[in-house]
Amino acid sequence: MLKNYFKIAWRNLWRNKGFSATNLLGLTIGITCTIFIFLWVQDELGYNKFHKQYDHLYKVLATRNFNNQIFTDENMVLPLARSIESNIPQVKRAVVTTSRQPRILSYADSRLKKEGYTVSEHFFDMFSWKFIKGNPWTAITDPSSIVLTQSSAKALFGNTDPLDKVIRINNEYDVKVTAVVADVPGNSTFQFDYIMPFNYSNDYIKRSMNEWTNSSWNVFVQAGPGASMQLIDKSINDIKYQHDPSDKKISTYFTFPMSKWRLYSDFKEGKNTGGMIAYVRLFSIIAVIILLIACINFMNLSTARSEKRAKEVGVRKTLGSGKRQLMFQFFSETIILACIAFVLSVFAVYLLLPSFNTLVDKQLSLDISSPVFWIGALIIILFTGLVAGSYPALYLSSFNPVRVLKGTFASGKRAVLPRHVLVVGQFVISIVLISATIIIYQQIQHIKNRDMGYNPDNLITIPATYDTQNNFAVIKDELIKTGKISAVTRTLSPITDIWWKSPAPDWEGKPANADIIMAGLSTDIDFSKTMGVKILQGKDFSGMPSDSSAMLLNEAAVKAMGLQNPVGMLMRYGNRNYTVIGITGNIVMESPFKPVDPMMVYYQPYNCNSISIRLGQDVSPQKALPLIESVFKKYNPSYPFEYQFVDEEFGKKFLTEDLISKITNVFACLAIFICCIGLAGLASFTIEKRIREIGVRKVLGATVQQLLLLISKEFLKLVLIAFVIALPLAWWFMNDWLQQYAFRIHISIWLFVAVGLLILLLTLIVVSLNTLKAAIANPVKSLRTE
């Protein structure tokens, strides 16, 4: 019997090739989109899960409150990890690391810039990395050791065994390769090319191990089995307050589980507000919606051609078929179609996966040998088959056989109303998706067009080294003499990042509770000229001896400190007095989506790690870069010449938002395409059903335009209803999304009007193309049997 069901189902699908092809195309696109989205979602949900102690690993964070400025900070003091491990029995291990740092690794004639971490001794005990060579237990016991990733080792040594090879770091000191690990997976929070241990005999590290106020490191803990995290959090706070009592009124420390590092990384006012999990949920919903749109197409087209199946149902019921058997028959057809669509989708995924990986900047793969794949395949096929076939099966199996066989059956409103509801649902989804896509794009452009406080165009940054610091004056002079460079300066950090934050300096009249955190930047002369920073009051540094006791403040600092006439005011920071000589505009150095931090700028040429070079007006980088490279190779021969364009570095701050915008664009377009496929099929069946009416109207003098309007107005009416429903939904959803941004657009009603007109136009085009053939056909052909 089961074999018979599927045989008849196949015959019906084969007999109605146009109907089957239309549905197959829609379902294939829908399932393909679903597979792509779920591959992306699976990768996001799988972040860090390869670590064996995944469920027991935590990062120590702090909620800090400076003058009611509440923020969450990952920077900890260096001795905290060792104290936690020694004093909290429920903590099995504690590790401290630096942030990811770039270093030049040199071996023989090879010089490579690689990024990695300096870590404490239990790093490889706590985190799980696949060792290819060497021993994880002894890899970093020697402070002069280094662990390389497989690709880094190959880049430096080729096919030679890297173990025990000596590498020079930053042309300053030597380390020995003690191990090689496999390249870090893409879905890992830690991304590195090398790992080095702390050298506790180093003078700076020695001092920092006794320093409980300088927070510059990251601390991780591994909780023991059954440990109470609340008790561990309390103990960490007790340890920190014991060594630094003044921190008690400012900071509250807590452990943050590894399971939340990727998906719940956003904090606002000290509270976790989510993160990538919002996009995981969003795209999971989009995947289901796209699949539902394809299923709705099947429902609509199946019910639209119900009269063609009516006699079949009548005969089957007369011969004894029950409603359950008929439903099974119709579900069989849908599931067969879903199976074929799934197979085609798998081929499409394999074909398009390289392009999709480029789009999302991941290395995703579809493993058909995995049990997860087959479970997912079964779920998708059954979901598609049951959802798409549910209404047609229930509707077709309920026909009255007497009325059908007597020829008095007519579908009427009973079939038309649900079909209209489904079409309206499709249009609602399309309008919401298009509106969301446009609003996301407008918001990103709004932030990109925000006044950054400096000019990123034709601005290049180059990492400073010991040699460039010693030869900076000569390098600057030779660069200017090329005629291609208009200005050169150096700063503590690149203009696109902040490396130093500290409490605000003291000033006369400072309120007792004025706990303000300020960004700090040291620089050289020509700071404003090179960066394109506006000096709103006062002047820039000129290189005079007095500049060593001068400072610049930005607008945000003046506002936060409540200063009226800041230029000329005395500030005391540390053990020194400084005079404010100028006020700059606000410079967006960190996230462009957040307000600018208060900032103080010092004249400290010796404390700079980045060189900034402004190309001359109308000078192309292709002409300037070879000249810049020759100067740096002359005075900095131990390091490879590396540079970054500031506008490109600034653009990297939009990676997530640009990715979301691209993905939304692609899937919104595909969803609309699926809707158009269904609309075309539905229009085709509507015309087929009214072909004689069209013939009669032509004979009675109806024009082509009148016939087009006759068929189109039914669908245009549905679009208008969908627009009325979608408008408040789209506004509410996107307005809620925009609340996460301090600088955001205002949603215009005209945007929705434009989207509504676009959908109307698409509907008119699709329906008209299908109607036109019938409208210009000879009416004799449709009326010859009347």
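These legends go with close-up views of a predicted model.

Local features need pLDDT of at least 70 and side-chain atom pairs pLDDT 80 or more, while totals for chains, interfaces and linings use all residues. Residues are numbered from 1 along each chain as its sequence is written, and side-chain values use heavy atoms, without hydrogens and water.

**View A. A nonpolar patch on the surface.** Five residues make up the patch: Phe-38, Val-288, Ile-375, Ile-379 and Phe-383. Together they have about 430 Å² of accessible area (Shrake-Rupley method, 1.4 Å probe, with only the protein chains shown as cover for residues). Patch residues have over 30% relative accessible area and no salt bridge; like charges are joined within 9 Å, and nonpolar side chains (Val, Leu, Ile, Met, Phe, Trp, Tyr) within 5 Å. A salt bridge is a side-chain nitrogen of Lys or Arg within 4 Å of a carboxyl oxygen of Asp or Glu. Helix 11 (residues 371–396) gives the most, with three residues. Ile-379 lies in helix 11. Its relative accessibility is 54%, so Ile-379 counts as exposed.

**View B. Strand 12 and its partners.** Strand 12 covers residues 215–223, and seven of its nine residues are buried. Buried means under 20% relative accessible area, exposed over 50%, and partly exposed in between (1.4 Å probe, protein chains only). Helices (H or I, at least four residues) and strands (E, at least two) are DSSP runs, numbered from the N terminus. Strands pair if DSSP finds at least two bridges between them.
- Strand 1 (residues 57–66) runs antiparallel to strand 12, with three bridges. Leu-57 is matched with Gln-222.
- Strand 3 (residues 76–77) pairs antiparallel over two bridges. Met-76 is matched with Trp-217.
- Strand 4 (residues 91–97) pairs antiparallel over six bridges. Val-96 is matched with Val-219.

**View C. Tyr-117 meets Phe-192.** The whole structure holds 35 aromatic pairs. In this one, the ring centres are 6.4 Å apart and the planes stand at 75°, so the pair is edge-to-face. Rings of Phe, Tyr and Trp (its six-membered ring) pair if their centres lie within 6.5 Å; planes under 30 degrees apart count as stacked, over 60 as edge-to-face and the rest as tilted. Tyr-117 is in strand 6 and Phe-192 in the loop between strand 10 and strand 11, so the pair ties together parts 75 residues apart in sequence. Tyr-117 is buried at 9% relative accessibility, and Phe-192 is buried at 6%.
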